[in-house]
Amino acid sequence: MSNINGKVYAMNVITPMRPWKTLILRALFFLLWNLKPLQQDLINLSFIEFARWVIIPRDAFPRLARAQREEVLRYDYLLFFSNFNGTWNQYIDAFSAVLSRGLNLIWRWSEKFPGSVPVTPFKDYIARVQFDTDYYYTAYPNATANDLKSAHIVQSAYDALAARAQTLTPAEFATAYANFVLTVQTHLGETGEAPVAC
Amino acid sequence: MPNRSGQLYGLTLLSPILDDPRATPSHDLQIRAYLAKLPTGEASPFALAPGTHLARLVVLDDVIYVGMPSCEEHLKSKYLVFESNLDGDLDDYLTTLARTVPADLDAIWSHCVGYPGATDPVAFVAYMKSCQLDTTFYFAAVNDRTLPQSLRALQTQHAVTRFLADHQGLSKRSTDPARLQADFLAFAAKLAAEPLPRPGSSAPYRPIKTGGHNE
């Protein structure tokens, strides 16, 4: 078991919800999905590579054979999977500090959710409803979400320069190269192993 | 469509695990034992089959009781959760997975109810889709690039960083435009000839830790 691979942490959370509250949460997710400005805080938390919420209605757990006993549940369940850079505490602290209103809107429909502020009961709650990852794979273990975004900016600028480098005079190339350096100079962070506290 | 964000697809599967009191060890433990030894770097089955950005496999033992006054309840089955962030089309992804790493898939999912095996990709895809849950909300930080594009970009970023470091300051190769252009063209030709980095490569060695949630 490891929740970590390279620079990314896999978090799994499951919380119970009364079925009538699920309808409200679905409507909220619909709004969040369709009104992109509402996602800005999530985008601004630039250490999240991927995240998803999945609502499982109480009668929708897959049943693939008659021999498999049917689930009899009172609650629907909200699953949350996140792939983020940094430590668990940094992540929850940032969630609480930056996304508290949004998180409250999403999780307030779950049983016993204490609110994301103050952070101590919020951390207690997340620790209680989290379950560990058995296997975790990432195609780019040494890169963070910001590394990826920066790499694509470098790639675009590099492609543009490389496409015309052959046809420019040396003087023109020098100017284009200087502009290229100005464009990429803040996106050259080195990827590599994450620092590990011993 | 919530399963999609731009070019990426968020796959969520819940496969019920066999509940056989005669099995020793139990099927969920056999899955966990296999996953504990499965490589997470270049030799990972998800690195060998194309298209996976990040993926996880988790045994969900039960739902979690959060305390009074909520009701305590339990699942009748344990479930294997498969969460994957992938390029392109789901059917193509699953079919390629079945064709590329059938032994690993069989070793994991043969402990699940109704699993048909990976030798028949059509049956395999149908089974996996019968376990699929629709994602309610999906977020991907970079959702307009495929995995090969991201791997290439990281490679380029690394190479460009080195090139710029070698061509800064007042040395002749930095200040002579013709020399700088020649160096850049040679660099571009060399970079274009380099193979794409392998998915999962350069994963640092990290012994398995069992330090709990806050590790």
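Colleague: Which residue in β5(B) is the bridge partner of Arg52(A), and how do you know that the strands involved count as paired?

Modeller: In β5(B), Tyr138(B) is the bridge partner of Arg52(A). Two strands pair if DSSP finds at least two bridges between them, and strand β3 (residues 48-56) of chain A is joined to β5(B) by four bridges in the antiparallel sense, so the condition is met. The strands themselves are DSSP runs (E, at least two residues), as helices are runs of H or I of at least four residues, and both are numbered from the N terminus. This is a predicted model, in which local features need pLDDT of at least 70 and side-chain atom pairs count only at pLDDT 80 or more, while totals for chains, interfaces and linings use all residues. Residues are numbered from 1 along each chain as its sequence is written, and chains are lettered from A and ligands numbered from 1 in the order in which they are written.

Colleague: How many residues of chain B are in contact with chain A, and which element of chain B gives the most to that side?

Modeller: Contact here requires that the C-beta atoms of two residues, placed from the backbone, lie within 7 Å, and by that test 78 residues of chain B meet 84 residues of chain A. α6(B) gives the most to this side of chain B, with twelve residues. By class, the side of chain B that touches chain A has 43 nonpolar, 26 polar and nine charged residues, where Ala, Val, Leu, Ile, Met, Phe, Trp, Tyr, Cys and Pro count as nonpolar, Asp, Glu, Lys and Arg as charged, and the others, Gly among them, as polar.

Colleague: What makes β5 (135-138) of chain A an edge strand?

Modeller: β5(A) pairs on one side only, as does β1 of chain B. These two are the edges of an open sheet of five strands, with antiparallel pairing, in the order β5(A)-β3(B)-β4(B)-β2(B)-β1(B).

Colleague: What joins β1 (residues 4-5) of chain B to β2(B)?

Modeller: β1(B) and β2(B) run antiparallel and are joined by two bridges; Arg4(B) stands opposite Tyr9(B), and Ser5(B) opposite Leu8(B). The two strands form a hairpin with two residues between them, and Gly6(B) in the turn has a positive phi of about 60 degrees. On pairing with strand β4 (residues 79-87) of chain B, β2(B) makes nine antiparallel bridges, and Leu13(B) stands opposite Phe82(B).

Colleague: Why is strand β2 (residues 8-16) of chain B called mostly covered?

Modeller: A residue is buried if 20 or more other C-beta atoms lie within 10 Å of its own, exposed if 12 or fewer, and partly exposed in between, with C-beta atoms placed from the backbone; nine of the nine residues of β2(B) are buried, and the strand is therefore described as mostly covered. In a regular strand the side chains alternate between the two faces of the sheet. Leu8(B), Gly10(B), Thr12(B), Leu14(B) and Pro16(B) point one way from β2(B), whereas Tyr9(B), Leu11(B), Leu13(B) and Ser15(B) point the other way.

Colleague: How many residues has the largest nonpolar core, and which have the most contacts inside it?

Modeller: The largest nonpolar core has 103 residues, and Tyr77(A), Leu79(A) and Leu80(B) have the most contacts inside it. Such a core is a set of buried Ala, Val, Leu, Ile, Met, Phe, Trp, Tyr and Cys residues joined through C-beta atoms within 7 Å. Leaving aside neighbours within four places in sequence, Leu80(B) is in contact with residues including Ser15(B), Ile17(B) and Cys112(B).
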